[in-house]
Amino acid sequence: MTPFTFQAPANILFEAGASRKIAERVKDYGARHVLLVTDKGVRGAGLTGNAEAALAAAGIALTIFEDVVADPPSHVIETAAELCRSQGVDLVLSIGGGSALDTAKLVAYLAKTPDRLDDIYGVGLAKGERLPLLLVPTTAGTGSEVTPIAIVTTPTTEKKGVVSPRLIPDWAILDPELTLGLPAHVTAATGIDAMVHAIEAYTSRIKKNPMSDQLALKALDLLSRNIRTVCTDGKNLEARSQMLLGSMLAGMAFANAPVAAVHALAYPIGAIFHVPHGLSNALVMPHVLAFNRPAAEALYAELADVVKPGHQARSAAEAAGVFIEEIVALCRDCQVPDTLAAVGIAEKDLPKLAEDAMKQTRLLVNNPRELDYQQTFEIYRSALLGRGAAA
């Protein structure tokens with residue numbers, strides 16, 4: 001038997017309308033002053049309204065930080081942490097997408113410890129205490145509400161991760177009603193992101209384990225069966241609920257069996273060209289899957305049974321092909337752009353992308369197949385042209 005560790009939040013609330021119950025959870029910690037970490041778009045759409053009203057009715061003071069931006073830069077996180085300290089906040093709440101949730105994790109930590117952000121990049125370096133932390137996702141994508149990971153964009157546009165059990169929240173609160181207003185293109189990109197989490201967790205080279213496997217399989221099942229529906233019928237609460245559940249399960253899977261080359265190659269796209277993270281993943285995913293196929297064929301064959309039940313493949317090799325074809329079809333049906341050129345990337349940009357991707361050693365070590373610079377460059381080139389990467 002292969003030994004493994006598994007970590008997850010102590011508390012999860014999954015319920016339509018759950019955001020109305022946030023004040024009850026806050027009271028459990030005796031908190032009297034809450035920092036709400038969000039962004040202007042989420043707050044402007046009214047998605048924080050129920051929580052704000054519930055906290056006001058409970059007599060709990062509220063400070064709002066709504067300056068989160070996509071791929072949060074380090075200076076935004078440090079500004080929010082300073083606000084948290086200066087206001088005497090005793091609990092951090094975040095309502096938003098992955099960038100807001102990641103920001104909140106680090107704010108809750110930095111506001112409680114003397115550590116500097118620059119000192120905790122990497123795995124297991126954040127060892128201090130943090131403020132109580134409640135996370136409420138508004139997208140079915142990142143799974144950040146259940147992971148020990150926060151991603152930061154440094155002043156040099158490099159994406160770095162802080163990975164520590166200290167970042168796992170006290171409560172993950174999932175309210176599918178908050179995802180009903182997501183535009184189709186955001187729904188598609190975030191849903192594909194969640195699918196990548198499940199796929200990469202299932203094929204992770206180092207920490208793959210029986211619990212993450214089961215979570216990844218169930219997540220991929222829920223996501224692949226519902227993503228087309230939510231992209232065409234965004235008000236379908238049941239489909240939205242299944243997507244949000246699938247995203248959370250995928251988050252728990254990859255929190256314990258980490259993601260790999262898809263994310264490593266996606267990060268520079270987001271950091272340099274400000275392409276949303278889910279779309280960055282979707283653009284490189286088919287090409288990374290094709291590259292990994294020789295090393296992951298048996299696992300891809302197992303995943304084919306999930307995304308294309310009843311397929312007629314007669315061998316593992318055929319089934320692996322069915323799996324990749326179905327993933328590509330899902331992206332196409334959800335109208336996800338299929339070339340790097342579609343987001344403004346040109347041939348001249350590829351060397352820098354490949355160079356930065358190779359810095360993501362924390363992720364690349366998990367990939368089923370080792371990658372060097374030239375192979376990474378060729379994957380990007382395939383993604384630029386919109387054709388499959390050579391195995």
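Q: What counts as buried, partly exposed or exposed here?
A: Buried is under 20% relative accessible area, exposed is over 50%, and partly exposed is in between, taken with a 1.4 Å probe on protein chains only.

Q: What kind of model is this, and how are residues numbered?
A: It is a predicted model, in which local features need pLDDT of at least 70, side-chain atom pairs count only at pLDDT 80 or more, and totals for chains, interfaces and linings use all residues. Numbering starts from 1 along each chain as its sequence is written, and side-chain values use heavy atoms, without hydrogens or water.

Q: OK, start with the sheet. What is the strand order?
A: The order is E1-E9-E6-E4-E2-E3, an open sheet of 6 strands with parallel pairing. Strands (E, at least two residues) and helices (H or I, at least four) are DSSP runs, numbered from the N terminus. Two strands pair if DSSP finds at least two bridges between them.

Q: Which strands sit at the edges?
A: Strand E1 (11-14) and strand E3 (61-65) do, and each of them pairs on one side only.

Q: How much twist is there from one strand to the next?
A: It averages 20°. Angles run from 0 to 180 degrees between N-to-C directions, with axes being lines fitted to C-alpha atoms, for helices over the stretch in contact.

Q: How many bridges join E2 to E3?
A: There are 5, with strand E2 (residues 33-37) and E3 running parallel. To place yourself in that pair, look for Val34, which stands opposite Leu62 in E3.

Q: And what does helix H3 lie across?
A: Helix H3 (residues 49-57) lies across E2, E3 and strand E4 (91-96). The helix runs at about 150° to E3.

Q: Where does H8 go?
A: Helix H8 (residues 237-256) lies across E1, strand E6 (133-137) and strand E9 (171-174). Its direction is at about 165° to E1.

Q: Switching to H5. How far does it reach?
A: Helix H5 covers residues 98-110, 13 in total, and reaches 18 Å from its first C-alpha to its last. That is close to the 18 Å expected at 1.5 Å a residue, where the expected span is 1.5 Å times one less than the number of residues.

Q: Is H5 covered or open to solvent, in terms of buried residues?
A: Mostly covered, with 12 of its 13 residues buried.

Q: Which ones are buried?
A: Gly98, Ala100, Leu101, Asp102, Thr103, Ala104, Lys105, Leu106, Val107, Ala108, Tyr109 and Leu110 are the buried residues of H5. That list includes charged side chains, such as Asp102 and Lys105.

Q: What covers them?
A: The cover includes E2, helix H4 (74-86), E4, E6, strand E7 (149-153) and strand E8 (159-163). Contact means heavy atoms within 4.5 Å.

Q: You mentioned E7 and E8. In what sense do they pair?
A: Antiparallel, over 5 bridges. Ile149 has Val163 in E8 as its bridge partner. The two strands form a hairpin with 5 residues between them.

Q: What else joins E8?
A: Strand E5 (residues 122-123) does, running parallel to E8 with 2 bridges. One of the partners is Val162 in E8, which bridges to Gly122.

Q: Why call E8 largely enclosed?
A: Because 4 of its 5 residues are buried, the rest of the structure largely encloses E8.

Q: Anything odd in the E7-E8 turn, and which residue has a positive phi?
A: Thr157 has a positive phi of about 70° in that turn. The residue is not a glycine, and its place is the loop between E7 and E8. Most residues other than glycine have a negative phi.

Q: Is Thr157 buried or exposed?
A: Neither: Thr157 is partly exposed, at a relative accessible area of 32%.

Q: What about Asp71, what is its phi?
A: It is positive, about 50°, although Asp71 is not a glycine. Asp71 belongs to the loop between E3 and H4.

Q: And is Asp71 buried or exposed?
A: Asp71 counts as buried, because its relative accessibility is 13%.
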